[in-house]
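Below is a short report on one protein model. Look over the sequence and the structure before reading on.

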Amino acid sequence: MTLIIMKNTVVFKYDREKDVYNYLNSVYKFKWLHHGRNVDDWVVRFLFPEDLEMIKAAKNEEMARISIRYVVKKVIRRSKLEFGEIENSLEKAWFPKEKLYFKKLGLFYNKPIFFPNVTAFMTTLPICPYSLKERWFMVSYRFCLEEQIRTVCHELMHFMFLYYYGNSALVKLGSKEKVEVLKEALTVFLNTDFKGIIPVPDRGYPQEKQLRDFLLQERKGKQSFIALMDAGIEYLKREA
């Protein structure tokens with residue numbers, strides 16, 4: 001097929017309500033899949049104990065939102081200058097890589113990039129959710145610049161997989177959780193097909209380590225993404 005490489009732009013911005021949303025779903029109650037991680041201490045390690053206690057003590061979600069808005073306001077006020085410099089540095093570091101990354105991403109999946117732009121919302125937490133439907137993902141202010149770039153590459157790789165192959169993988173696997181496992185395992189190829197763009201390795205989550213290792217071995221004999229995905233699906237079926 002002929003790949004169509006459009007002018008794509010990752011727009012970096014901070015939105016306080018998006019950050020509040022992240023706290024609500026990551027600190028007040030952790031709603032994401034664990035993927036074998038011990039997330040309890042990791043997610044909250046940048047919060048002062050009294051702020052964490054205030055959020056956790058909320059009697060309901062609405063009260064939690066009020067507490068979180070207060071905490072986030074303090075966090076931003078304390079580090080506004082530093083966060084501004086971090087965001088500017090990320091923009092300057094990412095944009096020279098963007099065109100080449102999108103080209104390689106389209107070639108890897110053998111599909112055109114499907115979005116004209118996507119928003120990378122900065123968050124003051126070290127956990128980065130996303131919304132394929134709304135075309136946004138999060139990048140943490142708390143990461144170093146190299147890790148932030150890895151996050152951008154990681155999340156955009158998810159978008160392409162879910163958009164083009166998520167439904168077919170779900171039909172074959174019969175489980176959204178298994179699709180999530182496959183999705184995360186596939187990012188191991190950031191370390192092979194995207195060298196020169198990703199500045200630090202994508203290590204993945206503990207739960208997917210064996211599948212990631214398996215996929216790397218399969219890569220030696222399978223060149224197309226479809227073949228790799230199907231091999232991963234068969235692996236997950238055997239492990240069920």
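The report covers a sheet, a bent helix and a pocket, all in a predicted model.

## The sheet

Strands of a sheet pair through backbone hydrogen bonds, either parallel or antiparallel. Here 4 strands form an open sheet, and their order is β1-β2-β4-β3. The pairing in this sheet is mixed. β1 (9-14) and β3 are the edge strands, each pairing on one side only.

The pairing of β1 with strand β2 (residues 117-123) is parallel and runs over 6 bridges. Within this pair, threonine 9 is placed opposite asparagine 117 of β2.

## The bent helix

Helix α5 covers residues 145-173. A straight helix of 29 residues would span 42 Å at 1.5 Å a residue, yet the end C-alpha atoms of α5 are only 36 Å apart. α5 also has a kink of about 65 degrees, centred on tyrosine 165.

After α5 comes glycine 174. The phi of glycine 174 is positive, near 70 degrees.

## The largest pocket

The volume of the largest pocket is about 1000 Å³. Its lining is made up of 35 residues, and those nearest the centre are Tyr130, Glu180, Lys183, Glu184 and Tyr205. β3 (130-131), α5 and α6 (176-185) are the elements that give two or more residues to this lining.

The kinked helix α5 provides the largest share of the lining, 10 residues. Sorted by class, the lining of the largest pocket holds 15 nonpolar, 12 charged and 8 polar residues.

Terms used:
Residues are numbered from 1 along each chain as its sequence is written. This is a predicted model: local features need pLDDT of at least 70, side-chain atom pairs count only at pLDDT 80 or more; totals for chains, interfaces and linings use all residues. Side-chain values use heavy atoms; hydrogens and water are left out. The expected span of a helix is 1.5 Å times one less than its number of residues. The bend at a residue is the angle between axes fitted to the seven residues ending there and the seven starting there. On a 1 Å grid over the protein atoms alone, a cavity is a set of points where a 1.4 Å probe fits but cannot get out, and a pocket is an open set with protein on both sides within 12 Å along at least five of seven lines; lining residues have an atom within 4 Å of a point. Grid points are joined across faces, edges and corners, and a volume is the space filled by probe spheres set on the points. Ala, Val, Leu, Ile, Met, Phe, Trp, Tyr, Cys and Pro count as nonpolar, Asp, Glu, Lys and Arg as charged, and the others, Gly among them, as polar. Two strands pair if DSSP finds at least two bridges between them.
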